[in-house]
Amino acid sequence: HAYIAAQRDDGFGDLDIYKVTFNSEPGANSAKYTIVQGTVSSDSSAEGKVKIILTDASNKTIGIYNSQIKGKFLMILPAGKYHIASECVGFKPFSEEFIVPDKPQPAEMQKSIFITK
């Protein structure tokens with residue numbers, strides 16, 4: 001299991017704690033996951049909410065994440081090809097494809113989103 005804190009429309013206010021259950025037994029021959037730690041930064045001193053949309057190679061939405069300008073985000077993903085995009089009022093959209101390689105466990109990678117006015 002893993003626990004995350006997130007602010008969601010169906011939540012109880014500010015940040016709520018959610019339990020994530022992985023569908024495999026520890027040590028089982030299953031999909032490997034990589035922890036993707038990300039940051040959001042900009043060319044401006046403005047503050048605001050950033051919506052991050054993650055899709056897979058078939059354009060299926062994997063997740064929608066919320067962060068702040070100068071904030072952080074965390075994703076746990078299996079190996080594969082992904083597309084990440086951001087939306088933020090007053091800023092140009094950010095869009096980029098990236099690959100999560102198939103690595104031995106545990107694996108981590110960094111992802112940066114830089115938005116401009």
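# A tour of an all-strand chain

The protein chain has nine strands and zero helices, where strands (E, at least two residues) and helices (H or I, at least four) are DSSP runs numbered from the N terminus. This is a predicted model, in which local features need pLDDT of at least 70 and side-chain atom pairs count only at pLDDT 80 or more, while totals for chains, interfaces and linings use all residues. Residues are numbered from 1 along each chain as its sequence is written, and side-chain values use heavy atoms, with hydrogens and water left out.

**The whole chain**

Begin with the entire chain in view, and trace it along the sequence, where the pattern reads β-β-β-β-β-β-β-β-β. The C-alpha trace spans about 45 × 35 × 25 Å along its principal axes. Of the 117 residues, 32% count as buried, a term that stands for under 20% relative accessible area, with exposed meaning over 50% and partly exposed in between (1.4 Å probe, protein chains only). If you turn on a surface, the chain exposes about 8000 Å², of which carbon and sulfur atoms supply 52%; such areas come from the Shrake-Rupley method with a 1.4 Å probe, and for residues only the protein chains shown count as cover.

Colouring by charge brings up 13 positive and 13 negative side chains, and the centres of the two sets lie 3 Å apart. Here Lys and Arg count as positive and Asp and Glu as negative, with His and the chain ends not counted, and the place of a charge is taken as NZ of Lys, CZ of Arg, CG of Asp or CD of Glu.

**The sheet of three strands**

Next select strands 6, 3 and 9, which form an open sheet in the order 6-3-9 with mixed pairing; two strands pair if DSSP finds at least two bridges between them. Strand 6 (72–78) and strand 9 (107–115) are the edges, and each has a single partner strand, so one side of each is left without a neighbour in the sheet. From one strand to the next the twist averages 25 degrees, with axes being lines fitted to C-alpha atoms and angles running from 0 to 180 degrees between N-to-C directions.

Now zoom in on strand 3 (residues 33–42), which pairs with strand 9 in the parallel sense over nine bridges; here V40 has I113 of strand 9 as its bridge partner. With strand 6, strand 3 pairs in the antiparallel sense over seven bridges, and Q37 stands opposite L74 in strand 6.

Show the side chains of strand 6 and follow how they alternate: F73, M75 and L77 point to one face and are buried, whereas K72, L74, I76 and P78 point to the other and are not.

**The sheet of four strands**

Move on to the open sheet of four strands, whose order is 5-4-7-8 and whose pairing is antiparallel. Strand 5 (61–68) and strand 8 (94–100) stand at its edges with a single partner strand each, so one side of each is left without a neighbour in the sheet. Neighbouring strands of this sheet are turned against each other by 20 degrees on average, direction ignored. Within the sheet, strand 4 (residues 49–56) and strand 7 (residues 80–87) pair in the antiparallel sense over six bridges, and L54 can be found opposite I84 in strand 7.

**Two buried residues**

Select I52, which is found in strand 4 and which counts as buried at 0% relative accessibility. Leaving out residues up to four places away in sequence, I52 touches V40, G63, I64, Y65, S67, F73, M75, I84, A85, S86 and I113, contact meaning heavy atoms within 4.5 Å. I52 and Y65 are 13 residues apart in sequence, and their C-alpha atoms are 4.9 Å apart in space.

From I52, step to S86 in strand 7, which is buried with a relative accessible area of 2%. Apart from neighbours within four places in sequence, S86 is in contact with V50, K51, I52, P93, F94, I113 and I115.

**Two loop residues**

Finish in the loops. Most residues other than glycine have a negative phi. N59, in the loop between strand 4 and strand 5, has a positive phi near 70 degrees although N59 is a residue other than glycine, and at 61% relative accessibility N59 counts as exposed. K70 lies in the loop between strand 5 and strand 6; its phi is also positive, at about 65 degrees, and K70 is exposed with a relative accessible area of 56%.
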